Protein chains: 2
Amino acid sequence: VQALRRLCRDAAARRADGVVVVEGRVLAAEVVERAAQSGSTVRVQAVYADPERSEAAAVARGAEALGASWYPVASDVLDKVADAVTSQGVVLVVDRPRWELASVRADGLVLLADEVSDPGNLGTLLRTAMAVGAAAVVTLGGSDPFSPKCVRAARGAQLVVPTLEVASEDEALDVARSGGRPLVVAAAGASTSMWDADLPGAVAVVVGNEAAGVRPALRAVADLEVDVPMPGGTESLNAAVTGSLLAYEHLRRHSL
Amino acid sequence: VQALRRLCRDAAARRADGVVVVEGRVLAAEVVERAAQSGSTVRVQAVYADPERSEAAAVARGAEALGASWYPVASDVLDKVADAVTSQGVVLVVDRPRWELASVRADGLVLLADEVSDPGNLGTLLRTAMAVGAAAVVTLGGSDPFSPKCVRAARGAQLVVPTLEVASEDEALDVARSGGRPLVVAAAGASTSMWDADLPGAVAVVVGNEAAGVRPALRAVADLEVDVPMPGGTESLNAAVTGSLLAYEHLRRHSL
């Protein structure tokens, strides 16, 4: 349990161990189900679950059947260890996926999150990216996409959608522009609205920091800046909403 | 300051005093600016601000110029009182708007939030509602739309967009169906996609609870259920994202 507490709290420990922590019964059940699917790259190493709670125990048995070790722990102990307010009696330790440029398919949408700093916003973006079947999400600075909070908000999408953390603008552009993708930047007030913008099937869309927007260095190299119309006079939308609207505008064009 | 602490923490106290608390310098500056606009219904009663911080003091002077009382308080004291992690040196106390059915114009979009329980999600929905120029947001149970957290996530949209808290399904339907609006419910797996759905100019869209979705009683009386396509195989989207996608689909149809 001490080891689990460290994994729940310490990003460096998670990285060193190559793991991701998945908290909460409902989400854990989804992740175990995904791991059980043939061809899945999701692998559960260990499950910490309360044997006295039947739903939690059911998730643990499912994980055990896939080869995970089950450590029985009481719910109130798990609640104290977990990052979430309540663990719902289950915490999984899952292999951290090794996403790299080769994981990104040549077509489809890449979402580049430029310093998106709120884990809930980044997780929500990842959740949408999975929903639309995006090719990848790239994070340049900002929140840790593999933190327990971000995993919860994303419903574990970072285990399925290639999610690449990059350290520099050059690296970000390498992934975003892979497959010849043009770089489209969300910029409030741009003269082209998202409805009129050229959004080819293979495209990279950049969403910026909650306060500062997209950094000037990325705006400078963008192929296109697009505006999300706000006739109500607001100055901006939530960063995850902006990214989701652009992801779905792309999907609408290419699925209809 | 004791009085302010109570207002920051206690929903009943805010309701009894008829006030809303706005925390944070950037947001407070936006709200003061909105209050200064001619015809604005936003009224700032009081500002608690650190006179030693020039940006905070500038907001306070702006509020004073509009008739608000300025209580000078050090930032570290404000940080302890506020609901937010940091107050950025400014907290406003603003008149709570008295939204009622008569505040809702006959045309346009009404968003009905059915037990949306996360204040960040509800606030994000409100922020989007303001961006698209929605006629109203109705909350049936769920999070308090006037809590400090919800005000922050909404960037104060509940001061501008009619935001009606209702206690029953009948009341919710009274507002949603005002102006003859059909009731459209977001329901994953519905046979009509949001892109194919009939979304007239005057329409009510229902978004459900994060875990349970829209309650059966509202689904039963819906004129239409719509699906947000998720080709990536996710089961659901974030509630605020679902509502924002539907609000923007409505805007796209009626602004192009």
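B:Asp144 is buried in this predicted model, since its relative accessible area is 18% and the cut-off for buried is under 20%. You'll find B:Asp144 in the loop that runs between strand 6 (136-140) and helix 7 (148-153) of chain B. Its side chain has a partner close at hand in sequence: one of its polar atoms lies 2.8 Å from the backbone nitrogen of B:Phe146. Looking past the neighbours within four places in sequence, B:Asp144 touches B:Ala11, B:Arg14, B:Leu122, B:Cys150 and B:Glu165. As for B:Val161, that residue is 17 residues away from B:Asp144 in sequence and 15 Å away in space, C-alpha to C-alpha.

Next, a pair of helices in chain B. How do helix 6 and helix 10 of chain B pack, by angle and axis distance? Helix 6 (residues 119-132) of chain B meets helix 10 (residues 239-255) of chain B at an angle of about 10°, and the axes are 8 Å apart. Angles under 35 degrees count as roughly parallel, so helix 6 of chain B is roughly parallel to helix 10 of chain B. On the helix 6 side, the residues in contact include B:Leu125, B:Thr128 and B:Val132, while helix 10 of chain B brings in, among them, B:Gly243, B:Ala247 and B:Leu251. Sorted by class, this contact has eight nonpolar, five polar and no charged residues.

Over in chain A, helix 10 of chain A is largely enclosed by the rest of the structure, because 14 of its 17 residues are buried. Its N-terminal end is capped by A:Asn238, with a side-chain oxygen 2.8 Å from the backbone nitrogen of A:Ala240.

Helix 3 of chain B has buried residues too: B:Leu27, B:Ala28, B:Glu30, B:Val31, B:Val32, B:Arg34 and B:Ala35. Their cover includes strand 1 (19-23), strand 2 (44-49), helix 4 (54-65), strand 4 (90-95), helix 6 and helix 7 of chain B.

Here is how the lengths of two helices work out at 1.5 Å a residue.

| Helix | Residues | Expected span | End C-alpha distance |
|---|---|---|---|
| Helix 10 of chain A | 17 residues (239-255) | 24 Å | 24 Å |
| Helix 3 of chain B | 12 residues (25-36) | 16 Å | 16 Å |

Finally, a backbone oddity. Most residues other than glycine have a negative phi. A:Arg155 has a positive phi, near 50°, and B:Arg155 has a positive phi of about 50°. A:Arg155 sits in the loop between helix 7 (148-154) and strand 7 (163-166) of chain A, and B:Arg155 is in the loop between helix 7 and strand 7 (163-166) of chain B. A:Arg155 is partly exposed at 21% relative accessible area, and B:Arg155 is partly exposed at 22%.

Conventions
Residues are numbered from 1 along each chain as its sequence is written. Chains are lettered from A and ligands numbered from 1 in the order in which they are written. This is a predicted model: local features need pLDDT of at least 70, side-chain atom pairs count only at pLDDT 80 or more; totals for chains, interfaces and linings use all residues. Side-chain values use heavy atoms; hydrogens and water are left out. Axes are lines fitted to C-alpha atoms, for helices over the stretch in contact, and angles run from 0 to 180 degrees between N-to-C directions. Helices (H or I, at least four residues) and strands (E, at least two) are DSSP runs, numbered from the N terminus. Angles under 35 degrees count as roughly parallel, over 145 as roughly antiparallel, 65 to 115 as roughly perpendicular and the rest as oblique. Contact means heavy atoms within 4.5 Å. Ala, Val, Leu, Ile, Met, Phe, Trp, Tyr, Cys and Pro count as nonpolar, Asp, Glu, Lys and Arg as charged, and the others, Gly among them, as polar. The expected span of a helix is 1.5 Å times one less than its number of residues. Buried means under 20% relative accessible area, exposed over 50%, partly exposed in between (1.4 Å probe, protein chains only). A polar contact is a pair of N or O atoms within 3.5 Å; within protein, one must be able to donate a hydrogen and the other to accept it, and residues adjacent in sequence count only if both atoms are side-chain atoms.
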